[in-house]
Amino acid sequence: MAQFVLPDLPYTLDALEPYIDAQTMEIHHQKHHGGYVQNANKALQGHPQLQDKSAEWLLRHIDSVPENIRTAVRNQVGGHVNHSLWWTIMGPNQGGSPMGAVAAAIRDTFGSFEQFQEQFRQAAFSIFGSGWAWLVVRPDHSLAIVTTPNQDNPLMQGLSPILGLDVWEHAYYLRYQNRRADYIDAWWHVVNWDEVDRRFKASQTP
Ligand code: MN3
């Protein structure tokens with residue numbers, strides 16, 4: 001039995017239109033995320049001692065994964081975990097400003113929601129090549145903006161991601177071509193802040 005399974009999208013393919021188009025969603029979910037799941041399962045096939053581990057555990061303990069499959073686990077399990085978060089922190093009729101505990105923490109850390117958005121936008125825009133921008137919770141429960149290359153996940157550095165932005169070209173090229181900044185600006189309209197707040201609260205309990 002396969003260790004990892006491609007999760008269903010929590011909404012229809014066209015639900016994030018016009019900000020993210022249905023064709024991009026279909027290819028991104030079925031082909032890209034589907035590919036990470038298949039390749040992750042393949043990488044772990046001959047390693048029964050790792051098959052009862054969660055994807056998150058494997059990333060947190062990436063240094064204990066056997067060297068001959070470490071790069072594959074990092075890329076493919078990383079891709080699976082990143083995209084599993086990605087679908088859930090977006091939704092139709094979302095966007096706007098965060099509410100609740102995470103909103104207060106963002107204000108305390110960055111001064112205002114607008115200042116947070118500007119810093120996050122700058123971080124995402126500045127990634128060279130493929131990668132992700134993240135809002136993470138540090139072990140001391142404070143917030144920070146970080147970026148990772150490729151499909152690396154902040155769990156590999158002991159950080160808990162609660163919001164992520166995929167800036168691989170496969171996430172936006174069909175609609176936005178080279179205009180990454182326009183994609184980032186549009187993306188705020190689909191951020192599901194209730195889910196980000198839920199993840200934030202979960203990260204605050206020991
Ligand atoms: Mn992607």
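## Exercises: a manganese site and a three-stranded sheet

Starting at the N terminus, the elements of the protein follow the order α-α-α-α-α-β-β-β-α-α-α; helices (H or I, at least four residues) and strands (E, at least two) are DSSP runs numbered from the N terminus. This is a predicted model, in which local features need pLDDT of at least 70, side-chain atom pairs count only at pLDDT 80 or more, and totals for chains, interfaces and linings use all residues. Residues are numbered from 1 along each chain as its sequence is written, and side-chain values use heavy atoms, with hydrogens and water left out.

**Exercise 1.** Find the protein donors of the manganese ion and work out how they are spaced in sequence.

*Solution.*
- Step 1: Look for donors, meaning N, O and S atoms within 2.8 Å of the metal (3.2 Å for Na, K and Ca); water is not among the atoms, so sites may look incomplete.
- Step 2: You should arrive at His28 (NE2), His83 (NE2), Asp166 (OD) and His170 (NE2), at 2.0 to 2.2 Å from the manganese ion.
- Step 3: Written as a pattern, the spacing is H-x54-H-x82-D-x3-H.
- Step 4: Now place two of them: His28 belongs to helix H1 (residues 22-44) and His83 to helix H3 (residues 67-88), so this pair ties together parts 55 residues apart in sequence.
- Step 5: Check the cover: both His28 and His83 are buried (under 20% relative accessible area; exposed is over 50%, partly exposed in between; 1.4 Å probe, protein chains only).

**Exercise 2.** Work out the strand order of the sheet and say which strands are at its edges.

*Solution.*
- Step 1: Two strands pair if DSSP finds at least two bridges between them.
- Step 2: S1 (residues 131-137) and S2 are antiparallel, with seven bridges; Ala133, for instance, has Thr147 in S2 as its bridge partner.
- Step 3: S1 and S3 also run antiparallel, joined by six bridges, and Val137 stands opposite Ser160 in S3.
- Step 4: The result is an open sheet of three strands in the order S2-S1-S3.
- Step 5: Its edge strands are S2 (143-149) and S3 (160-166), each pairing on one side only.

**Exercise 3.** Which strands does helix H3 touch, and how is S3 covered?

*Solution.*
- Step 1: Using contact as heavy atoms within 4.5 Å, H3 packs on the sheet and touches S1 and S3.
- Step 2: Six of the seven residues of S3 are buried, leaving this strand mostly covered.

Terms used. Axes are lines fitted to C-alpha atoms, for helices over the stretch in contact, and angles run from 0 to 180 degrees between N-to-C directions.
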